[in-house]
Amino acid sequence: MTDQTSGLVWQRCAIGMEWAANESRCIGEPEGLDLNAAYDDAANAGDGWRIPTGAELETLL
């Protein structure tokens with residue numbers, strides 16, 4: 001999903017979950033990742049994916 005204010009693209013569901021369009025929600029169990037695992041997962045997700053900064057996370061509120 002693209003944030004219209006910041007232009008950032010956010011992953012819709014937590015790692016380990018997937019979007020169920022027919023239910024309009026994320027389903028599955030989120031993975032409990034420590035910070036290093038989260039950085040690794042973002043690096044392996046492809047070009048441009050990264051862990052957001054604290055200030056970027058605050059824009060979701």
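**Notes on the predicted model: confidence and charges**

1. Confidence first: the protein chain has an average pLDDT (the predictor's confidence in each residue, from 0 to 100) of 92, and 100% of the residues score at least 70. This is a predicted model, where local features need pLDDT of at least 70, side-chain atom pairs count only at pLDDT 80 or more, and totals for chains, interfaces and linings use all residues. Numbering runs from 1 along each chain as its sequence is written, and side-chain values use heavy atoms, with hydrogens and water left out.

2. By element (DSSP runs numbered from the N terminus: helices are H or I of at least four residues, strands E of at least two), strand 2 has the highest mean pLDDT, 97, and helix 2 (residues 54-58) the lowest, 91.

3. On to salt bridges (a side-chain nitrogen of Lys or Arg within 4 Å of a carboxyl oxygen of Asp or Glu): the count is two. One joins Arg-25 to Glu-23, 2.8 Å from N to O. Arg-25 is partly exposed at 44% relative accessible area, and Glu-23 is partly exposed at 41% (buried means under 20%, exposed over 50%, partly exposed in between; 1.4 Å probe, protein chains only).

4. The other pair is Glu-56 with Arg-50, at 2.7 Å, N to O. Here Glu-56 counts as buried because its relative accessibility is 15%, while Arg-50 is partly exposed at 45%.

5. One last spot to look at is Glu-31, in the loop between strand 2 (25-28) and helix 1 (35-44). Glu-31 counts as partly exposed, at 49% relative accessibility.
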